[in-house]
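Student: Please take a close look at one part of this protein with me. I'd like to see how a single piece fits in with everything around it.

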Amino acid sequence: MTTKKQMTMKKLEFKTEINAKPDKVWSTMLNADTYREWTNVAWPGSSYVGNWKQGEDIRFVGDGNMGGTMATLLEVRKPEYLNAKHVAVLTPDGKEDRTSEEAKGWIGTTEEYTFTEKNGKTELKVVINTSPAWESMFNDGWPKALNKLKEMCERKSVTA
């Protein structure tokens, strides 16, 4: 018999097909400036601090003193796959919270991104495993965010 309460995770999946190569989708998705642009449609003020390198921690933060979350990058294979596991909630003053009820409800959330090339296009699949408490935020935000990312990746380059 288990005495420790176990959180049930909900698996959410989102996909889009982008008329661009995986390298372009990867860099548009993860470059600091373009990251802010596509995430802003779903999660205004979102940005990150850190590097997209395997084994490193990355901090997802909002503008001002809104706090955020911290994830460890478990696997990074540019431009094919990224897997991150959330390990803390960040308080408005930037401290790591791993013990509050809010933190316990968020820690363990995982995000996986798979970039698959098909006929010169990229299928981007996002898989989130999270607490049911966060399901509506992701279900509302990810379709908007992916539409914006698709639009950004498919823009024609303007040359002088």
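Tutor: Let's follow one strand and then look at what surrounds it.

Before we start, this is a predicted model, where local features need pLDDT of at least 70 and side-chain atom pairs count only at pLDDT 80 or more, while totals for chains, interfaces and linings use all residues. Residues are numbered from 1 along each chain as its sequence is written, and side-chain values use heavy atoms, with hydrogens and water left out.

Our piece is strand β5, residues 81-90. Strands here are DSSP runs of E with at least two residues, and helices are runs of H or I with at least four, numbered from the N terminus. In β5, 9 of the 10 residues are buried, so the rest of the structure largely encloses this strand. (Buried means under 20% relative accessible area, exposed over 50%, and partly exposed in between, using a 1.4 Å probe and protein chains only.)

Now for its partners; two strands pair if DSSP finds at least two bridges between them. With strand β4 (residues 68-77), β5 runs antiparallel through 9 bridges, and a hairpin of 3 residues connects the two. Find Val76 there: its bridge partner in β5 is Leu82. Strand β7 (residues 110-118) is also antiparallel to β5, with 5 bridges, and Asn83 stands opposite Glu112 in β7.

Then there's strand β6 (residues 96-97), antiparallel to β5 with 2 bridges. Val89 has Asp97 of β6 as its bridge partner. The hairpin of β5 and β6 has 5 residues between the strands, and in it Gly94 takes a positive phi near 90 degrees. Glu96 sits in β6 and is partly exposed at 39% relative accessible area. Contact means heavy atoms within 4.5 Å. Setting aside neighbours within four places in sequence, Glu96 is in contact with Arg59, Met70, Ala88, Val89 and Leu90. Glu96 and Met70 are 26 residues apart in sequence, yet their C-alpha atoms are 8.0 Å apart in space.

Go back to Val76 and Leu82. Both are among the contacts of Trp52, along with Leu30, Tyr35, Ile58, Phe60 and Leu73, again leaving out neighbours within four places in sequence. Trp52 has a place in the largest nonpolar core, which has 36 residues; Met29, Trp52, Leu124 and Trp142 make the most contacts inside it. Helix α4 (residues 135-154) gives the largest share of this core, 7 residues. (A nonpolar core is a set of buried Ala, Val, Leu, Ile, Met, Phe, Trp, Tyr and Cys residues joined through side-chain atoms within 4.5 Å.)

Finally, β5 gives the most to the lining of the largest pocket, with 5 residues. (On a 1 Å grid over the protein atoms alone, a pocket is an open set of points where a 1.4 Å probe fits, with protein on both sides within 12 Å along at least five of seven lines; lining residues have an atom within 4 Å of a point.) In total, 30 residues line this pocket, and Trp43, Ser46, Phe60, Thr69 and Trp106 lie nearest its centre. Phe60 also turned up among the contacts of Trp52.
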